[in-house]
Amino acid sequence: MGNPSCFVSGKIPSISECSTNDRENHTVVSDLDGTLLVGRSSFPYFALVAFDVGGILRLFILLLAAPLAGILYYLISEAAGIRVLIFVTVAGVKVSDIESAARAVLPKYYSDDVHPETFGVFSSCGRRCVVTANPRIMVEPFLKKHLNVDMVLGTEISSFRGIATGLVASPGVLVGKNKAVAVERSFGRGSMPDIGIGDRETDLPFMELCKERYMVPSRVGVRPMKPDMLPKPVIFHDGRLVQKPTPMVALAIVLWFPIGILLAIIRIILGALFPLSVIPHVTLPFGVIIKTKGHPFHNSGDRNPKVKKAGGMVFATSHRCVLDAVIISTSLGSKSITVSYSVPSTSEWLSPMKTARLTRDRAKDAKLMRDIVKEGRYLVMCPEGTTCREPYLLRFSSLFAEISDQITPVATTVKTTMFYGNTARGYKWLDPIFFTMNPFPTYEVAFLNKLPYDQTCSAGKSAHEVANHVQELIAEYLQYKCTNLTRKDKYLELAGTDGTVGKTAVEKLKKDG
């Protein structure tokens, strides 16, 4: 919730007055909402978890309970209001699902809201601790992984046989004196922290245990740190909601949801019934915007002298959404085909273009794709192997470079305002539905120049060199950063799997061992 009692005292200096010099041996303890984070309300993070673990129905119930939580929080006690939010959000949910949401969904939104002044002081200290009224299970993954926090003291939720009861475990919600007790127990009376940072009167009990105390004043217009300035920026994240669900945004999502489902059905049916080249025109009146730059068959002016007549072509594209190949193929026509390791049968049935299934056997897959190109077809490939939502490109698989020397890089971007059209942990058959549920989903496709002959494997370049070059060309156009991260890295971080269907990373390691 918000800050019911923002405390400003002439006796306690502002965080801007705290020196960051020679703090390597110091210990700092900071509150979270309104202190280490700019935002003073925890509602959006409960809403994110509610939607992730319980869908639109649980988000709706949380929205209905928000006024009661607000009244209790502001008029009775902070603890009472937070208890309501915790109960509605997690009651009856598997603890493992809450942990999964905290690890895969919340870090993106926390990282967008880090207070620059507080973090400057916080990061200058050698030992860092956060004490918060929020459930520890929700905040700990982000704080430890992305802010290098050593200790997280938060409210503990109770559970029974792996299911959260929605109740708070002893000693209760960490507000007021409970924060002081938690800090004292963790550090011991003889080794109290050097710096205590808070933003409200109820933070004073734990701050008084510290040698130095600083307040973070409530100021309008404070800009959070840029996420890429964090010790470890968030590259991979999951969840379906694009915007941080403040109460008004959450209300808009709930009201739009049934309209969005109807729109998605209409848009998908239109895409399935009409030819590829017509899709951009028939879906435009229903709010789907497809922008195309460049020409798919633009010649680089440097062709292979050994090839008298070109066959098919390979279009290597960045991967932002499940519909990448379909959207690109609206400019290529019926000769286009894509390949994939795993396509939900529903998506394949509805797709207006053909999909060839790969086997994960490199030799067999290479032969399959060579045969497609030799037939004179246009092969649309996503060498990243999986989507990435942030402005980064994952490592490109080199397989596409071995197939043909007729390669055209394609840069794609997706703009949505409500729902993401991709997931690592959820049902993939819902990906096209969530994408088309957005009010005005926008797809931008840019066909770059075809690779000149001297930049292909036929001219002596290695497949890895060609793949890296294509990655760099697309990254330069999009102003993204290239990485060596792979599909496996993404799925290990977000879902605890190796990215293959039906086999967890742990199971695979046991089998290999």
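Helix H2, helix H10 and a pocket

In this predicted model, the crossing of H2 and H10 is right-handed.

Q: What makes the crossing of H2 and H10 right-handed?
A: A crossing counts as right-handed if the near helix is turned clockwise from the far one by less than a right angle. The crossing of H2 with H10 is of that kind.

Q: Why is H2 called roughly parallel to H10?
A: The axes of H2 and H10 (residues 247–273) cross at roughly 25 degrees and come within 11 Å. Angles under 35 degrees count as roughly parallel, so H2 is roughly parallel to H10.

Q: Which residues make the contact between H2 and H10?
A: From H2 come Phe43, Phe51, Ile56, Leu59, Phe60 and Leu63, and from H10 come Pro247, Ala250, Leu251, Ile253, Val254 and Phe257.

Q: How many residues of this contact are nonpolar, polar or charged?
A: There are 12 nonpolar residues, no polar ones and no charged ones. Phe, Ile, Leu, Pro, Ala and Val count as nonpolar, so the names in the contact fit that division.

Q: How much space lies in the second largest pocket?
A: About 440 Å³. The pocket is lined by 21 residues, and the closest to its centre are Phe51, Asp52, Val53, Arg240 and Gly426.

Q: Which elements give two or more residues to the lining of the second largest pocket?
A: They are H2 (43–76) and H4 (95–104). H2 gives the most, with six residues.

Q: How many residues of this lining are nonpolar, polar or charged?
A: The lining has 11 nonpolar, five polar and five charged residues. Gly counts as polar, so Gly426 is polar.

Key. Residues are numbered from 1 along each chain as its sequence is written. This is a predicted model: local features need pLDDT of at least 70, side-chain atom pairs count only at pLDDT 80 or more; totals for chains, interfaces and linings use all residues. Side-chain values use heavy atoms; hydrogens and water are left out. On a 1 Å grid over the protein atoms alone, a cavity is a set of points where a 1.4 Å probe fits but cannot get out, and a pocket is an open set with protein on both sides within 12 Å along at least five of seven lines; lining residues have an atom within 4 Å of a point. Grid points are joined across faces, edges and corners, and a volume is the space filled by probe spheres set on the points. Helices (H or I, at least four residues) and strands (E, at least two) are DSSP runs, numbered from the N terminus. Axes are lines fitted to C-alpha atoms, for helices over the stretch in contact, and angles run from 0 to 180 degrees between N-to-C directions. Angles under 35 degrees count as roughly parallel, over 145 as roughly antiparallel, 65 to 115 as roughly perpendicular and the rest as oblique. Contact means heavy atoms within 4.5 Å.
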